[in-house]
Amino acid sequence: MRMKAGWRAMETADLDRVMAIAEIVHPDYPEDRAVFAERLALYPDGCAMAEAFGADADGVGIGYIVLHPGRLGVPPPLDSPLGALPESPDCLYLHDVALLPAARGLGLGVAALERMDALAARQGFRWLALTSTPGARAFWDAQGFRPQDGGAGLAAKLASYGGGMTYMTRPVKG
């Protein structure tokens with residue numbers, strides 16, 4: 001029986017699973033649990049869990065996505081609290097998406113992007129933004145995201161993530 005999966009709203013009780021998934025998927029980009037807890041508290045509409053169903057996997061968290069309003073060209077540094085959502089946001093920023101290896105190939109990445117587009121459209125955002133890791137760059141390119149050059153200030157923020165990071169944007173399709 002092939003595993004099925006879907007997205008649901010994230011809850012505070014999911015944060016331990018989020019951290020476990022992050023340790024597996026993003027070992028080179030560690031973030032404190034408090035960063036995820038703050039994003040969930042500030043913008044729960046943008047936080048979701050991917051769950052597996054079928055066989056022995058009913059309700060097992062296999063991924064997550066964390067989004068929040070942002071400002072184009074101004075991504076938050078890695079592992080840093082926001083304090084508050086920005087005033088006059090002009091984009092929906094993808095803070096993090098992580099899918100366990102068993103979740104890949106189930107369409108969850110594309111479904112997460114569709115979720116992101118729909119949320120952005122409902123809330124009046126015209127742009128999506130993210131910081132891509134080197135390994136995810138080809139996926140974001142294929143989804144229509146394009147690199148943006150933001151000068152020395154943006155380069156300094158991207159440096160907090162490590163080498164090879166790319167700040168990318170795409171118009172909302174919703």
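## A tour from strand S5 to helix H2

Start by selecting Leu 94 and Leu 130: Leu 130, in S5, is the bridge partner of Leu 94. Keep in mind as you click around that this is a predicted model.

**Stop 1: strand S5 and its two partners.** Now show S4 (91-99) together with S5 (127-132). These strands run parallel and are joined by three bridges. To follow the chain from one to the other, trace it from S4 through H3 to S5; this β-α-β crossover is right-handed. Next, add strand S7, residues 166-171, which pairs with S5 in the antiparallel sense over six bridges. For one such pairing, pick Ser 132 and look for its bridge partner in S7, Thr 166.

How many of the six residues of S5 are buried? Five are, so the strand is largely enclosed by the rest of the structure.

**Stop 2: the nonpolar cores.** Select Trp 7, Met 10, Tyr 64, Leu 92 and Leu 128, the residues with the most contacts inside the largest nonpolar core, which has 39 residues. The elements giving two or more residues to this core are H1, H2, S2, S3, S4, H3 (108-122) and S5. Which of them supplies the largest share? That is H3, with six residues. Then colour Tyr 93, Ala 129, Leu 154 and Met 165 differently: they are among the nine residues of a second, separate core. As background, nonpolar side chains tend to be buried together in soluble globular proteins.

**Stop 3: helix H2.** Move to residues 33-42 and show the side chains of Val 35, Phe 36, Glu 38, Arg 39 and Leu 40, which are buried. To see what covers the buried residues of H2, switch on H1 (15-25), S2 (47-53), S3 (60-70) and S4, which are included in that cover. At the N-terminal end of the helix, zoom in on Asp 32, which caps H2 with a side-chain oxygen 2.9 Å from the backbone nitrogen of Ala 34.

**Stop 4: Arg 39.** Stay in helix H2 and centre the view on Arg 39. Why does Arg 39 count as buried? Its relative accessibility is 0%, and the cut-off for buried is under 20%. Follow the side chain of Arg 39 to the backbone oxygen of Ser 80, which it reaches at 3.2 Å. Finally, show the residues in contact with Arg 39, leaving aside its neighbours within four places in sequence: Pro 44, Cys 47, Val 66, His 68, Pro 76, Ser 80, Pro 81, Leu 82 and His 95.

Note on methods: Residues numbered from 1 in each chain as written. Predicted model: local features only at pLDDT ≥ 70, side-chain atom pairs only at ≥ 80, totals over all residues. Heavy atoms only, no water. Buried < 20%, exposed > 50% of the residue type's maximum accessible area, 1.4 Å probe, protein only. Helix = DSSP H or I, 4+ residues; strand = E, 2+ residues; numbered from the N terminus. Contact = heavy atoms within 4.5 Å. Polar contact = N/O pair within 3.5 Å; in protein donor to acceptor, adjacent residues only side chain to side chain. Core = buried A, V, L, I, M, F, W, Y, C linked by side-chain atoms within 4.5 Å. Pairing = 2+ DSSP bridges. Right-handed = clockwise from strand over helix to strand, strands pointing away.
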